[in-house]
Amino acid sequence: MARLDLPFTFARDQQMVLQGDALICGPGATVFGLREARRRAGFALKIERVAEDAFEAVLNTHYRDGAGGGDEDDLSFDLETGTAGPGLRDLLEDATEAPVIELVNQLLRRTVRGGASDLHVEPSEDGLRARVRVDGMLRTVMDRSDVPVKRVISRLKVMAGLDTAETRLPQDGRISLRYGGRDIDVRMSTLPGHFGERITLRVLDRHSGLLPLDQLGLSDEQAAILNRLADRPDGIVLATGPTGSGKTTTLYSLLQLADHGKRNIVTVEDPIEYHLPGISQTQTNAEIGMTFAAGLRATLRQDPDVILVGEIRDVETAQVAAQASLTGHLVFSSLHANGSVAAVTRLRDLGLDNFLIAATLRGILAQRLLRCLCEKCAEQVDPSEAAKAMFASIGQDAPEKLLHAVGCDSCADTGYAGRQGVYEIVEITEDVAAAIGENAPEQELKRLAVGKGNSLLAQGLDLVRQGRTSVEEVRRVLGDA
């Protein structure tokens, strides 16, 4: 028998969710709603009454996970532009819309529902292609020649509050939407191209990035180091890695270690990716002069104990962060560098003196995200010569058998499902600080601060040994050394 479900808007407004033969009712359920639910179901229902919070959890989980949604291709949705507010409609609300609006809403809903971090809308000579980034890899979700490209692009620009008449210059905007009662923030960027404007949307789930430290995949030793760094009264702690490697998530997790009741914590971000309870968050705006450096200076007048600066991009921000550290503040920030000790080289490149880096830097965390093997289709294989060489480079022998990605329906034929972080954490000791002050080269700093067993490659190969990921994935993300 096909599963019956109530329309999302009815379930939300009447506070009742149909699960099998049970009707979960919130405190706002009405007699009318009960009668209508029984009429729609066509059979006797068991009534279960729950509190407001419990009902909201059931409602969001039930519809967000796909129950009640029906076939995705048969659904249509609507969104409202602007910031979240009483008029904001939910992605799960069913409405009959024009074909272009319906198509755009289907793409957005599929992006959010699939847990994608980005949606790429790419006009081409043959029509329009849409791809989503899931677990760091792009997947094509639509490639059609019968799509009115300009109307789809215009619809997205209208939703983001952009100028639809301007097609020659890049534009940036944002869309606020809701999915199953969960607030989602979408940052949109346009780029003029030969066949029309290309659009990239970054999806920020405001509540999904708050992870306890023990869920980041850190070893006990690494977690102890981060706890020590978070407890320091001053200094700079940096997270390094490429875009999308999870630096912000790790920094937020570090902030959660701080005692919010006794320490004043302020952030300066671009954008504010997740809401942090008990923490003051500030959004930068370069157009009006609210840069990272300006925001950081302003926070210093707010009597902070801990400051999170979204990113150190220029010499001015680096200098202000260093001065904040010297005046008794603990500063967390991210920096684009290839490894942990490479952050020292990057700070030197930005113009900071060696003695200032040595005096202020307390810790560096380099990280990457590796895709985890799908448990349903991974197969054992003999280690290749290249795999043996990778293990030998860290002073270890390769296991007799390794797992290899295959691909099945469960993992969309990728062979992988989910991602796992690997970390290289350096605590700046007196010896390392002295070497930095003496302008030691990067290789010397790496020898002093990072052992072979603590490198990113060693952490990745440890996951290979555990059967969590593959040698091919480690090589793709980390290289051979």
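What follows is a short walk through one protein model, from its sheets to its cores and a few single residues.

Before we begin, please keep in mind that this is a predicted model, in which local features need pLDDT of at least 70 and side-chain atom pairs count only at pLDDT 80 or more, while totals for chains, interfaces and linings use all residues. Residues are numbered from 1 along each chain as its sequence is written, and side-chain values use heavy atoms, with hydrogens and water left out.

Let me start with the sheet of seven strands, which is open, has mixed pairing and follows the order S12-S11-S13-S14-S10-S15-S18. Its edge strands are S12, residues 280–283, and S18, residues 416–427, each of which pairs on one side only. When I speak of strands and helices, I mean DSSP runs numbered from the N terminus, with at least four residues of type H or I for a helix and at least two of type E for a strand, and two strands pair if DSSP finds at least two bridges between them. Neighbouring strands of this seven-stranded sheet are turned by 20 degrees against each other on average, direction ignored; the axes are lines fitted to C-alpha atoms, for helices over the stretch in contact, and angles run from 0 to 180 degrees between N-to-C directions.

Within this sheet, strand S10, residues 235–240, and strand S15, residues 361–373, pair in the parallel sense over five bridges, and valine 237 stands opposite glycine 363 in S15. Helix H7, residues 247–257, packs on the sheet and touches S10, S11, S12, S13, S14, S15 and S18, with its direction at about 170 degrees to that of S14; contact here means heavy atoms within 4.5 Å. Helix H9, residues 315–326, lies across S10, S13 and S14 and runs at about 135 degrees to S10.

Which residues touch the most other members of the largest nonpolar core? They are Leu238 and Leu361, in a core of 35 residues, to which H9 gives the most, with five residues. Such a core is a set of buried Ala, Val, Leu, Ile, Met, Phe, Trp, Tyr and Cys residues joined through side-chain atoms within 4.5 Å, where buried means under 20% relative accessible area, exposed means over 50%, and partly exposed lies in between, for a 1.4 Å probe and protein chains only. Leaving aside residues up to four places away in sequence, leucine 361 touches Ile236, Leu238, Val344 and Ile428. A second, separate core has 31 residues, including Val104, Val112, Ile153 and Met159.

Leucine 361 comes up once more, as one of the residues lining the largest cavity, together with Ile236, Ile312, Ala318, Leu347, Leu352, Ile357 and Thr360. That cavity holds about 40 Å³ of space, and a search of the whole structure finds one cavity of 30 Å³ or more. By cavity I mean a set of points, on a 1 Å grid over the protein atoms alone, where a 1.4 Å probe fits but cannot get out, and its lining residues have an atom within 4 Å of a point.

We can now turn to the open sheet of three strands, which has the order S1-S2-S3 and mixed pairing. Strands S1, residues 16–19, and S3, residues 46–49, stand at the edges with a single partner strand each, so one side of each is left without a neighbour in the sheet. The twist averages 25 degrees from one strand to the next. Strand S2, residues 22–25, pairs with S3 in the parallel sense over four bridges, with cysteine 25 opposite arginine 49 in S3. Helix H2, residues 31–41, packs on this sheet, touching S1, S2 and S3, and its direction makes about 25 degrees with that of S1.

An antiparallel pair is also worth showing: nine bridges join S7 to strand S8, residues 182–191, and serine 176 has aspartate 185 in S8 as its bridge partner. Strand S7, residues 171–179, is mostly covered, with seven of its nine residues buried.

I will finish with some backbone details. Most residues other than glycine have a negative phi, and most peptide bonds are trans. Aspartate 270 and proline 271, however, are joined by a cis peptide bond with omega of about -5 degrees, and proline 271 lies in the loop between S11 and S12. Aspartate 135, in the loop between S5 and S6, has a positive phi of about 55 degrees and counts as buried at 19% relative accessibility. Aspartate 303 also has a positive phi, of about 55 degrees, but this residue is exposed, with a relative accessible area of 61%, and is found in the loop between H8 and S13.

How values were computed
1 Å grid on protein atoms, 1.4 Å probe; cavity = no way out; pocket = protein on both sides within 12 Å on 5 of 7 lines; lining within 4 Å. Points joined across faces, edges and corners; volume = space filled by probe spheres on them.
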